[in-house]
Structures are given as structure tokens and as C-alpha cells.
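Q: Could you take me through one part of this model up close, the place where two helices are held together by their side chains? I would like to see how the contacts there fit with what lies around them.

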Amino acid sequence: MADPISGLPDLAAAEPARDRRTDEWAPVARVRTYELVLQRIEAQIVSGTLRAGERLPPERDLAELLGVSRPAVREALRVLEAQGVVRSQVGQGPGSGTTIERVPSDALTRLLRLHVALGSFPFADVIETRVTLERSIVVLACRNARPENVQRMRAILAAMDDPEITREIFNQLDIDFHVELAEAAGNRLMCDMTRAIRESVRVPFLAAVKAMPETGRYSWPSMLHSLQAEHHAVLSALEAREGEKAADLLESHIRGFYLDLANAT
């Protein structure tokens, strides 16, 4: 029988809701108060109401505005500071208080490194992401690279060519080269993502390289020679402004490196 006022089914006459539990009536998630504060601040950042460089209201005022306790506000700000979204400074000077910051690359790197270490992303996904990202980067670098970018990359490759180079130093220079390539592209987000991805796999890469034998087809000296030549080929294509060629060389370089590591271990 329908309710004559609303036209809706007469719920009072129906069977109890607890006997008809469905997805629509699943238990409500318990949200901690500080998470609600986080959501409110994040929503204002996404909408553009809060911008980088702006200061949040003092903790006491923020708690009153949101109708929550000061500990809830304090916990939310701790989370945002750990993510690199805000910077908090005590005191009475012009730099005191909590300020919205642009997310620095080291915060992104830290988060991604932890997720990769925890196995949140399959390693194959990391490889494909890196290939896709760096192909786009090198095409942009062929258009946008400035003389100082090329000079820094040349210096990195010269250091890589040292016949006495250790595996640890080469690993760091390899990261530096790819990050400088991203810098040359002129896209800040791509650069930060490249730095984050490379730093996130720094430790497993170095461990795999250290485990490579000194002789044989998949030895460290053989791989070192190949990597040195591949880096020079990529830089030559960049200097010639040959975007697609540079992208193909870079993809072959990345995939070949992972394949050689897999075969050597």
C-alpha cells in the first residue's frame, strides 16, 4: 500500500530494515574526526580556494570554524606536513603559522618509494610507466633543452665513462642523467615523477647490479659498456633534435637494462 502523501511505499508496513540488509544499507564507515578535517582542507586546495603560499587560520580558530577539537586539527596538519602539503613554523614572526606549500619532489619520492617497497605496484607496471613517461620526456627535451642542460648531461656522461667507476657511483650518475633529461624537458611534474620513480627503485637496482658477475655475457663490465654507449646515443639524438629517434633509443635502453638484470640474477 502506498503512502497517499508522498507516493512512496509505506515503510512502516514493510518488513524491518535489518531483515533486508543490502549494499544500500551496508554499515556506515567510521571516519575519524581528523580525516574530516583533512577532507575539508584538501577540498579547498583542489577547488583553488586555498593556494600555495597562503596561510591557514591558527589552530584554535580552525578548530572553532570546523566545529572540531584542536587535537583533531593538529593531527590533520601533521598528516599534511608529512605529505609536504603544508609547512608549520612556531613563533610570532612573519613566517610563523601553517602555510600551504607546493608538494616538493622529495615528499612524492618518499611516498612512491614506500609503495614500491611494499609491493603496491607490480614491477612490470613500474617499467611500463617509466618507458611511457621517459619517451614523452625525451621528445620534449629535444624541443626545449637549453645549452646548460646539455652541458650538465655531458658532464654526467664524462663521469660515467671513468674506467674505475664503482657500481654505487654509476647508479647515482644514472639517476642524475635521467633526472637532468627530465629537467631539460621543462615539465616540472614529469621531472618530479621521474625523480620519484628512479629513487623508489634505487636500492633494488643497486642490489641487483652488485650481484652481477665480473665475467660472462651478463657481467657487470659488459652491462657497463652497453649503458655508457646507450646514454651517449640518447644524448646525441637529443642534440640533433631527433625526438622520435631519441625516444626509441631511450625505450630500448630502459627495457634492455631490465632484461639484462633479469638474465644476470
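A: Happy to. A salt bridge here is a side-chain nitrogen of Lys or Arg within 4 Å of a carboxyl oxygen of Asp or Glu. Please keep in mind that this is a predicted model.

With that cut-off in hand, look for Glu-128, Arg-135, Glu-244, Asp-248, Glu-251 and Arg-255, which salt bridges join into a network. One of the pairs to zoom in on is Arg-135 with Glu-251, where nitrogen and oxygen are 2.8 Å apart. Arg-135 belongs to helix 5 and Glu-251 to helix 11, so this salt bridge ties together parts separated by 116 residues in sequence. As for its surroundings, Glu-251 is partly exposed, with a relative accessible area of 22%.

Now move to an aromatic contact between these two helices. Phe-123 sits in helix 5, which covers residues 123-144, and Tyr-258 sits in helix 11, which covers residues 243-264; the pair therefore ties together parts that are 135 residues apart in sequence. How are the two rings of Phe-123 and Tyr-258 placed? Their centres are 5.7 Å apart and their planes stand at 90°, so the pair is edge-to-face. The cut-off behind that name is an angle over 60 degrees between the planes. The two partners also differ in their cover: Phe-123 is partly exposed at 39% relative accessibility, whereas Tyr-258 is buried at 8%.

This ring pair has company. Phe-123 and Tyr-258 belong to a cluster, linked by ring pairs, that also takes in Phe-205 and Phe-257. So that you can place the cluster in context, a search of the whole structure gives six aromatic pairs, and the corresponding search for salt bridges gives 21.

Next, follow the chain back to the start of helix 11. Arg-241 lies in the loop between helix 10 (220-239) and helix 11. Most residues other than glycine have a negative phi. Arg-241, although not a glycine, has a positive phi of about 60°. The residue is partly exposed, with a relative accessible area of 44%. Close by in sequence you will find another salt bridge, in which Lys-245 pairs with Glu-242 and the closest N and O atoms are 3.8 Å apart. Both partners are partly exposed: Lys-245 has a relative accessible area of 47%, and Glu-242 has one of 35%.

For a salt bridge elsewhere in the model, try Arg-32 and Glu-35, whose closest N and O atoms are 3.4 Å apart. Arg-32 is exposed, at 53% relative accessible area, while Glu-35 is partly exposed, at 24%.

Since you work at the bench, you may also wonder about cysteines. The search of the whole structure finds zero disulfides. Cys-142 is buried, at 5% relative accessibility, and Cys-191 is buried as well, with a relative accessible area of 5%.

Finally, turn to the surface around helix 8. Leu-108, Leu-189 and Met-193 make a nonpolar surface patch of about 240 Å². Met-193 is in helix 8, residues 188-200, and is partly exposed, with a relative accessible area of 30%.

To come back to your request, helix 5 and helix 11 are tied by the salt bridge of Arg-135 with Glu-251 and by the ring pair of Phe-123 with Tyr-258.

Conventions
Residues numbered from 1 in each chain as written. Predicted model: local features only at pLDDT ≥ 70, side-chain atom pairs only at ≥ 80, totals over all residues. Heavy atoms only, no water. Phe/Tyr/Trp six-rings, centres within 6.5 Å; stacked < 30°, edge-to-face > 60°. Helix = DSSP H or I, 4+ residues; strand = E, 2+ residues; numbered from the N terminus. Buried < 20%, exposed > 50% of the residue type's maximum accessible area, 1.4 Å probe, protein only. Disulfide = S-S within 2.5 Å. Patch = residues over 30% accessible without salt bridge, like charges linked within 9 Å, V, L, I, M, F, W, Y side chains within 5 Å. Areas by Shrake-Rupley, 256 points an atom, 1.4 Å probe, with all protein chains shown as cover.
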